[in-house]
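The following note is offered to a colleague who is meeting this structure for the first time. The points may be read alongside the displayed model.

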Amino acid sequence: MSGGAADGLMYLDHLASTPLDPAVLEEMLPWMGVAAAGNPHAAGHRRGWRAAEAIERARGDVAALIGARAGEILFMSGATEANALALLGGVPEGWPVLCSAVEHPSVLACVGELARRGHATETLPVDAAGRVDPDAVRIDGPALVSVMAANNEVGTIQPVADLARRCRERGGLFHTDAVQALSTGLLDVAAMGIDLASLSGHKLYGPMGIGALYVRQGVAVRPLLFGGGQQGGQRPGTLPTALCVGLGAACRIARERGAADAARLRELRERLFAVLADGVPGLRRNSPSAEGMGLAGCLHVAVPGLDAADRLLDLPELALSTGSACSSGEGGPSHVLLAMGRSVEDAFGSIRIGLGRFTTAEEVDRAGALLVEALQRGS
Ligand code: PMP
C-alpha cells in the first residue's frame, strides 16, 4: 500500500490526520455489523458483555502504549475533549496554570477559559527550535503545567520528563498533549512522571472520533459531562465499541512497529530535505533535524518571499499544508512560528510536509521533484 489513493492525491499531511491502517479497520469491522449491535453497558445479555470485554481489552492496549494501567485510561471523543477534561476538570481551585506558547488551540483556548474563571495563567516561551526550557518553569508552589509532547506544526519534541519533574517538585500536576508523539511511540507516562496525557485516534492510524485521557491513579478530575455512570462517571456516555476497538488496535500496532516506522520515516525525511535544499535557493528548515529533537515524519520548511498558500494551489497532486488544519480557518500567521522568533513573512512562506507509515520512497522522490519546481517558481 502507498500513501496514494483513488483520488490521485499523494497524501503528505500526516500531522493533520493519519489514514486508518487497514489492519485496524479489519479489527473494527466485526463491531459495526448487525451481529454486534448491543450497548456495551447492557449488563443483561451476551452482546453487551462481549462488547464490554472488547472495550476493556482495547483500554489495556491504549494503556500499554504509554506505560499506564488500564484503569488510568478514559475513552474520549478525541484529543480536544481530552485536553478540555485535563485542564478544565483537572485543575484544582485557585491553582496557577502554565502552558507553552506553541500548544494546540484546544489547549490554548482552555487556558484562556481558565483565566476568565480567575486562575493566574502564564505562557512559557520557546527557543528558536520550538523547545521550552525546563528552567523557565518558575513556580514556587503547586501549579498545573501543560506542555505538548511534540508539536503538530514543526514536530519539535519537548523535554516532558524534565518539565514533569520540575512540576512535581513543587507539588503540581503535569499534563501533556501527546497526540503527535504516539504513532512513533515516544511516551512512558510512569517513567516520565506525567499526571495527565491526551491521545487521539486519527493521529496514530486509528479512527477519527475517538481519543483518550490518561489520568494517573490518585489524580482527581471533575467531569465535564453528566449522565449515566459509564467510566466511573468521570466521562459518562455510551462507549462506541468499534471506535474503542480501533483505538486499541492502533495503539497495539504503534507499540509493535512505532520504532521501526520512525527509523524509516527519518530516512525518507532527510532524503526529501536533501532534494529541497539542493533545488530551492534560500530554503530554510523550521523543523528540528537533530536526532530525538523532532518528529520522524515531519519536515517544515520556509522559502523567503514565498506565498505558500498560493503555491500549494499549483500542486493539486500533493496533499500538504501550510500549517495546522485546526488554525487554518483563522488565516493569520502561525502562532508556533512566531513564538519561535520567525518573521511573519517566513510564517506565510512555510510548508509542512507530514510523511507517514504508508509513504513510499518513490512518492517522496516525486513529491521532491514537484515541490522543487513549484517553489523555484514561487520564490
Ligand atoms: N492536539 C494536537 C497536538 C493536535 O494535533 C490535534 C489535532 N490537530 C488535537 C490536539 C485535537 O485532536 P482531535 O482532532 O482528536 O480533537
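1. A residue is taken to be near a molecule if one of its heavy atoms lies within 4 Å of that molecule. On this basis, 15 residues surround the ligand. The closest of them are Thr 80, Asp 177, Ser 200, His 202 and Lys 203. The reader should bear in mind that the model is predicted.

2. The ligand's polar surroundings deserve attention next. A polar atom in the side chain of Asp 177 is 2.6 Å from a nitrogen atom of the ligand, and a polar side-chain atom of Lys 203 is likewise placed 2.6 Å from a ligand nitrogen. For His 104, an N or O atom of the side chain lies 3.4 Å from a nitrogen atom of the ligand. On its own the ligand has 390 Å² of accessible area, of which the protein covers 89%.

3. Which element contributes the largest share of the shell around the ligand? That element is α3, with 3 residues. Helix α3 spans residues 79-89 and is largely enclosed by the rest of the structure, because 10 of its 11 residues are buried. Among the buried residues are Ala 79, Glu 81, Asn 83, Leu 85 and Gly 89. The buried residues of α3 pack against the strands β2 (73-76), β5, β6 (173-177), β7 (196-200) and β8, and also against α4 (105-116).

4. Arg 235 is linked to this helix through Glu 81: the two side chains make a polar contact at 2.8 Å, and Glu 81 is one of the buried residues of α3. Arg 235 itself sits in the loop that runs between β8 (211-215) and α7 (241-279). Is Arg 235 buried or exposed? Its relative accessibility is 12%, so it counts as buried, the cut-off being under 20%. Apart from neighbours within four places in sequence, Arg 235 is in contact with Phe 75, Met 76, Ser 77, Glu 81, Leu 225 and Gln 230.

5. Strand β5, against which buried residues of α3 pack, covers residues 144-146 and includes Val 145. Val 145 is buried, with a relative accessible area of 1%. Beyond its neighbours within four places in sequence, Val 145 has contacts with Leu 98, Leu 124, Val 137, Ile 139, Cys 167, Leu 173, Phe 174 and His 175. Pro 96 is 49 residues from Val 145 along the chain, and their C-alpha atoms are separated by 8.5 Å.

6. Ser 321 is a further buried loop residue, at 12% relative accessible area. Its loop lies between β11 (318-319) and α9 (335-339). When residues up to four places away in sequence are not counted, Ser 321 touches Asp 13, Leu 312, Ile 351 and Arg 352.

7. The surface should be considered as well. Leu 20, Leu 25, Leu 29 and Met 32 form a nonpolar patch there, and together they have about 340 Å² of accessible area. Of this group, Leu 25 belongs to helix α1 (residues 22-28) and counts as partly exposed, at 34% relative accessibility.

8. Finally, where is Ala 43 placed? Ala 43 is in the loop between α1 and α2 (46-66). With 64% relative accessibility, Ala 43 counts as exposed. Glu 27 is 16 residues away from Ala 43 along the chain, and the C-alpha atoms of the two are separated by 23 Å.

Definitions and conventions:
Residues are numbered from 1 along each chain as its sequence is written. This is a predicted model: local features need pLDDT of at least 70, side-chain atom pairs count only at pLDDT 80 or more; totals for chains, interfaces and linings use all residues. Side-chain values use heavy atoms; hydrogens and water are left out. Helices (H or I, at least four residues) and strands (E, at least two) are DSSP runs, numbered from the N terminus. Buried means under 20% relative accessible area, exposed over 50%, partly exposed in between (1.4 Å probe, protein chains only). A polar contact is a pair of N or O atoms within 3.5 Å; within protein, one must be able to donate a hydrogen and the other to accept it, and residues adjacent in sequence count only if both atoms are side-chain atoms. Contact means heavy atoms within 4.5 Å. Patches are made of residues with over 30% relative accessible area and no salt bridge: like charges are joined within 9 Å, nonpolar side chains (Val, Leu, Ile, Met, Phe, Trp, Tyr) within 5 Å. Accessible areas come from the Shrake-Rupley method with a 1.4 Å probe; for residues, only the protein chains shown count as cover. A salt bridge is a side-chain nitrogen of Lys or Arg within 4 Å of a carboxyl oxygen of Asp or Glu.
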